[in-house]
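Trainee: Could you take me closely through a single part of this model and then relate that part to its surroundings? I should like one connected account.

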Amino acid sequence: MTVRPIVITGDPVLHRRAVPVEEITEQVRTLVADMVETNRAAHGAGLAAPQVGVGLRVFVWAMGNDDGVPPEGHIINPFVRASKAPEGHPDPDEESEGCLSVPGEHFPLRRGERAAVSGIDVDGNPVEFVATGWFARCMQHEYDHLNGFLYLDRLEESWGRKARKVVKRHGWGLPGGSWMPGVDPDPFGHDDEDERDL
């Protein structure tokens, strides 16, 4: 297993729809194993294949939950159907999201409280569950990556303006940006395995 660089917003692979996995090859198995290792090194709650520069419909997660789902897992060719997000403005203290491809930043965003998830694993077995709470948020966040969206694209306008300024200030928004988990300083300052970002 190899830790791979995580690409930063602006790289084209993050802003286009990923393609389905047609066949589970040894390369796909290696990709999943590398993504699990990369997510661990980055203290991530989840990681989608486009975030390591691969435009395939695969994501992994590492998040405890109350839904009877293993706390670490992966899914290939997922479909995620979420409940509608609650009305009103997001709470900056309770609903702020982070993203490994927007390193070190958090912005508030409302998401649905439930998400039905289905797909397959590397052995071709069906994966199906309903996620709730923050685990549902994680599933929606990673699924967005597979459809060419970052959570920044879903922010309310006032937060979106702030996010665009932050992206510009960091010099992101261009192809080629990345950071290396376990080598570069942790952009989120994690010092605890329980603290994770998407």
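Mentor: In what follows, helices are DSSP runs of H or I with at least four residues, strands are DSSP runs of E with at least two, and both are numbered from the N terminus. The model is a predicted one, and the part I propose to examine is its sheet.

Five strands make up this open sheet, in the order β2-β3-β4-β7-β8, and their pairing is antiparallel. At the edges stand β2 (46-48) and β8 (126-132), each of which pairs on one side only. On average, and with direction ignored, neighbouring strands of the sheet are turned by 35° against each other.

Consider next how β4 is joined to its neighbours. Strand β3 (residues 58-62) pairs with β4 (residues 72-82) in the antiparallel sense over five bridges. Two of the residue pairs can be named: Phe 59 has Ile 75 of β4 as its bridge partner, and Trp 61 has Gly 73 of β4 as its partner. Helix α1 (residues 26-41) packs on the sheet, where it touches β2, β3 and β4, and its direction makes about 35° with that of β3. Strand β4 is also joined to strand β7 (residues 114-120) by five bridges, and these two strands run antiparallel. Here Phe 79 has Ser 118 of β7 as its bridge partner. Strand β4 also contains Asn 77, which is not a glycine and yet has a positive phi of about 50°. Asn 77 is partly exposed, because its relative accessible area of 26% falls between the limits of 20% and 50%.

We may now turn to α1 and what surrounds this helix. Asp 34 lies in helix α1 and counts as buried, because its relative accessibility is 5% and the limit is 20%. Leaving aside residues up to four places away in sequence, Asp 34 touches Met 1, Thr 2 and Arg 4. With the same exclusion, Met 35 touches Leu 47, Ala 48, Ala 49, Val 52, Val 58, Phe 59 and Val 60. His 43 is placed in the loop between α1 and β2. Its phi is near 55°, a positive value in a residue other than glycine. His 43 counts as buried at 15% relative accessibility.

Nonpolar side chains tend to be buried together in soluble globular proteins. The largest nonpolar core has 34 residues, of which Met 35, Tyr 151 and Leu 152 touch the most other members. Two or more residues each are given to this core by β1 (6-7), α1, β3 and α3 (157-170), and α1 gives the most, with five. A second, separate core has 19 residues, among them Ile 75, Val 80, Val 127 and Leu 146.

Which elements are included in what covers the buried residues of helix α2? They include β2, β3, β4, β7 and β8, and also β5 (96-98). Helix α2 is largely enclosed by the rest of the structure, because 12 of its 14 residues are buried. Phe 135, Arg 137, Glu 142, Asp 144 and Leu 146 are among these buried residues. The helix also agrees with its expected length: at 1.5 Å a residue its 14 residues should span 20 Å, and its end C-alpha atoms are 21 Å apart.

Gln 140 shows one set of contacts made from this helix. It is placed in α2, residues 133-146, and is buried with a relative accessible area of 9%. Not counting residues up to four places away in sequence, Gln 140 touches Val 80, Ala 82, Arg 111, Gly 112, Arg 114 and Ala 115. Just after α2, Gly 148 takes a positive phi of about 85°.

The cysteines remain to be considered. A search of the whole structure finds zero disulfides. Cys 99 is in no disulfide, and the nearest cysteine sulfur, that of Cys 138, is 11 Å away. Cys 138 likewise is in no disulfide, with the sulfur of Cys 99 as the nearest cysteine sulfur at 11 Å. Cys 99 is buried at a relative accessible area of 0%, and Cys 138 also counts as buried at 0% relative accessibility.

Methods:
Residues are numbered from 1 along each chain as its sequence is written. This is a predicted model: local features need pLDDT of at least 70, side-chain atom pairs count only at pLDDT 80 or more; totals for chains, interfaces and linings use all residues. Side-chain values use heavy atoms; hydrogens and water are left out. Two strands pair if DSSP finds at least two bridges between them. Axes are lines fitted to C-alpha atoms, for helices over the stretch in contact, and angles run from 0 to 180 degrees between N-to-C directions. Contact means heavy atoms within 4.5 Å. Buried means under 20% relative accessible area, exposed over 50%, partly exposed in between (1.4 Å probe, protein chains only). A disulfide is a pair of cysteine sulfur atoms within 2.5 Å. A nonpolar core is a set of buried Ala, Val, Leu, Ile, Met, Phe, Trp, Tyr and Cys residues joined through side-chain atoms within 4.5 Å. The expected span of a helix is 1.5 Å times one less than its number of residues.
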